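Student: I am new to this structure and should be grateful for a close look at one part of its surface. Please then connect that part to other features of the chain.

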Amino acid sequence: MTVTVVLFTRDLRVRDNPALVAAHREGAAVVPLFVVDERIVAGRRSSPNRARFLAAALAELDDELRGLGGHLVVRYGDVVDVVADVVREVHADSLHLAADVSWYSRAREEALRKRLAPRDCLVHTHAASVTTTDPAELTPATGRDHFAVFTPYYRRWLEHPRRRPLAAPRDLVIPPVRGEALPRFDDSRDGSSPGLVVGGAITARKALRRWLSGPADEYATASDDLAADVTSRLSPYLHFGCLSPIEVLHRIDLDSPSGEAFARQLAWRDFHHQVLAARPEVGWKDYRPRPIRWREDPHAVRAWQDGRTGFPIVDAGMRQLREEGWMPGRARLITASFLTKSLRVDWRIGAEHFRRWLVDADVANNQLNWQWTAGTGTDTRPNRVLNPLRQADRFDPDGEYVRRWIPELRQLDGASVHRPWRAGILAADYPAPILECNGM
């Protein structure tokens with residue numbers, strides 16, 4: 001009997017999962033495997049928010065697999081060692097997994113190939129699982145290995161043919177193989193966000209249906225309106241692969257302004273993955289080095305992290321981040337610009353803080369969005385500065401977003417909440433601004 005192994009990584013779903021479909025087609029029996037590497041999920045640089053979300057996503061993946069007659073096989077330890085053990089135990093002929101672009105993912109794939117080659121177990125990676133498009137497929141006519149600017153990439157991306165979403169296998173046969181208990185990372189003392197929303201593929205599809213049924217129609221006009229909160233909030237499910245980006249793309253109306261606006265965000269996600277695929281070092285090095293003299297200011301950094309800069313629109317975003325492990329894209333831009341352009345603090349410090357708290361943070365999108373904002377990335381206007389007061393006036397004109405997250409300012413009406421120093425708010429109740437800017 002031919003046995004295959006599918007290693008789930010950032011594709012925690014059964015619908016439109018190329019690795020699972022290929023493993024099912026090839027093998028009479030399939031081992032659906034997830035390896036919990038506790039050095040990553042509970043180590044020094046771990047994220048309690050992502051650990052909690054992962055536990056929920058794995059539980060729902062297991063539910064989905066049981067609906068197909070199978071179950072998720074969970075093991076703990078080093079990924080390469082565990083996979084090699086499972087391949088040996090079931091005499092697997094092949095291993096299937098989603099292709100990914102981070103340095104860690106590439107090192108993992110290379111190590112798996114080396115370890116499994118002596119056992120005659122072939123390793124197959126499947127592109128367009130984490131993204132809508134294989135990062136290697138879209139390259140400029142100049143012969144470069146990647147697009148350095150988003151707009152020409154986006155034009156090609158819109159024209160690029162894509163496969164249809166794949167149906168889940170109708171049933172699965174699992175060979176006898178030992179598994180361990182699903183992980184639990186839900187201790188209230190783990191340092192995670194109290195308002196974190198967790199889930200997996202089942203929850204993700206409900207969230208997608210709910211968003212498409214109404215709020216999606218307002219996306220083009222209101223996605224930057226911080227108080228309206230009409231963003232999809234699908235990014236955590238896309239990050240963990242609970243939702244297929246191809247399935248999402250096929251379910252939105254590209255001919256509508258809102259559908260096109262949302263597709264553009266999916267394209268940005270793909271764009272960053274193709275940049276990282278070509279330049280893996282930009283996860284920690286400047287993509288476009290510039291003569292910037294970063295300031296060392298631990299007091300300012302701490303004020304930014306704690307949401308106590310004295311600029312309510314910045315502080316509201318940072319407090320939402322701590323409370324929910326998520327924040328809308330406009331809030332991310334405002335807070336990142338404030339740290340890098342107003343305070344002149346190295347983008348890596350901000351990226352690390354976001355990595356700690358954001359449930360959807362990955363190397364491609366987190367690091368490269370930070371570089372874009374800092375002026376060291378792909379932005380064609382590297383000196384762009386987002387004035388926090390103008391941003392507040394434009395994207396929270398009535399102050400509702402700020403009052404939602406800064407209770408000590410709720411007594412201030414309308415837009416006056418953005419300049420509490422004019423209303424006589426005492427520094428003992430809310431901090432004075434840590435710098436001056438136009439519009440004060």
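**The positive patch and its surroundings**

Tutor: K206, R209, R210 and R251 together form a positive patch on the surface. The model is a predicted one, in which local features need pLDDT of at least 70 and side-chain atom pairs count only at pLDDT 80 or more, while totals for chains, interfaces and linings use all residues. Residues are numbered from 1 along each chain as its sequence is written, and side-chain values use heavy atoms, with hydrogens and water left out.

A patch is made of residues with over 30% relative accessible area and no salt bridge; like charges are joined within 9 Å, and nonpolar side chains (Val, Leu, Ile, Met, Phe, Trp, Tyr) within 5 Å. Lys and Arg count as positive and Asp and Glu as negative, whereas His and the chain ends are not counted. Each charge is placed at NZ of Lys, CZ of Arg, CG of Asp or CD of Glu. The areas themselves come from the Shrake-Rupley method with a 1.4 Å probe, and for residues only the protein chains shown count as cover.

The element that gives the most to this positive patch is helix α7 (residues 201-212), with 3 residues. Helices (H or I, at least four residues) and strands (E, at least two) are DSSP runs, numbered from the N terminus. K206 has its place in helix α7. With a relative accessibility of 47%, K206 counts as partly exposed; buried means under 20% relative accessible area, exposed means over 50%, and partly exposed lies in between (1.4 Å probe, protein chains only).

The surface also carries a nonpolar patch, formed by I40, W103, Y104 and W284, which have about 470 Å² of accessible area together. I40 is placed in helix α2 (residues 38-41), and its relative accessibility of 43% makes it partly exposed.

Charged residues also take part in salt bridges, each being a side-chain nitrogen of Lys or Arg within 4 Å of a carboxyl oxygen of Asp or Glu. The structure holds 26 of these pairs. In one of them D306 is joined to R302, with 3.1 Å between the closest N and O atoms. Both partners belong to helix α12 (residues 298-306), where D306 and R302 are 4 residues apart, about one turn of the helix. R302 is partly exposed at 48% relative accessible area, and D306 is also partly exposed, at 29%.

Another salt bridge pairs R319 with E408, the closest N and O atoms being 2.9 Å apart. Because R319 lies in helix α13 (residues 312-324) and E408 in the segment after α18 (400-405), this pair ties together parts that are 89 residues apart in sequence. R319 counts as buried, at 16% relative accessibility, whereas E408 is partly exposed at 22%.

R348 and D346 form a further salt bridge, with the closest N and O atoms 3.0 Å apart. Here R348 is partly exposed at 28%, while D346 is buried at 17%. Salt bridges can also be joined into a network, as they are for R10, D100 and D362.

D362 also appears in a record. Under "binding site", an unreviewed UniProt entry lists Y219, T231, S232, R233, L234, S235, F262, D360, A361 and D362. These positions span 144 residues in sequence and the farthest two C-alpha atoms are 23.8 Å apart, so they do not all gather at one spot. UniProt positions are given in the numbering used here, with feature names shortened, and annotations may be inferred rather than shown by experiment. S232, one of the listed residues, is found in the loop between α8 (219-222) and α9 (235-239). Its relative accessibility of 14% places S232 among the buried residues.

D229 is placed in that loop between α8 and α9 as well, and it is partly exposed at 35%. The backbone of D229 has a positive phi near 55°, in a residue other than glycine. Most residues other than glycine have a negative phi. R344, which is not a glycine either, has a positive phi of about 60°. R344 has its place in the loop between α14 (329-342) and α15 (347-357), and its relative accessible area of 32% makes it partly exposed.
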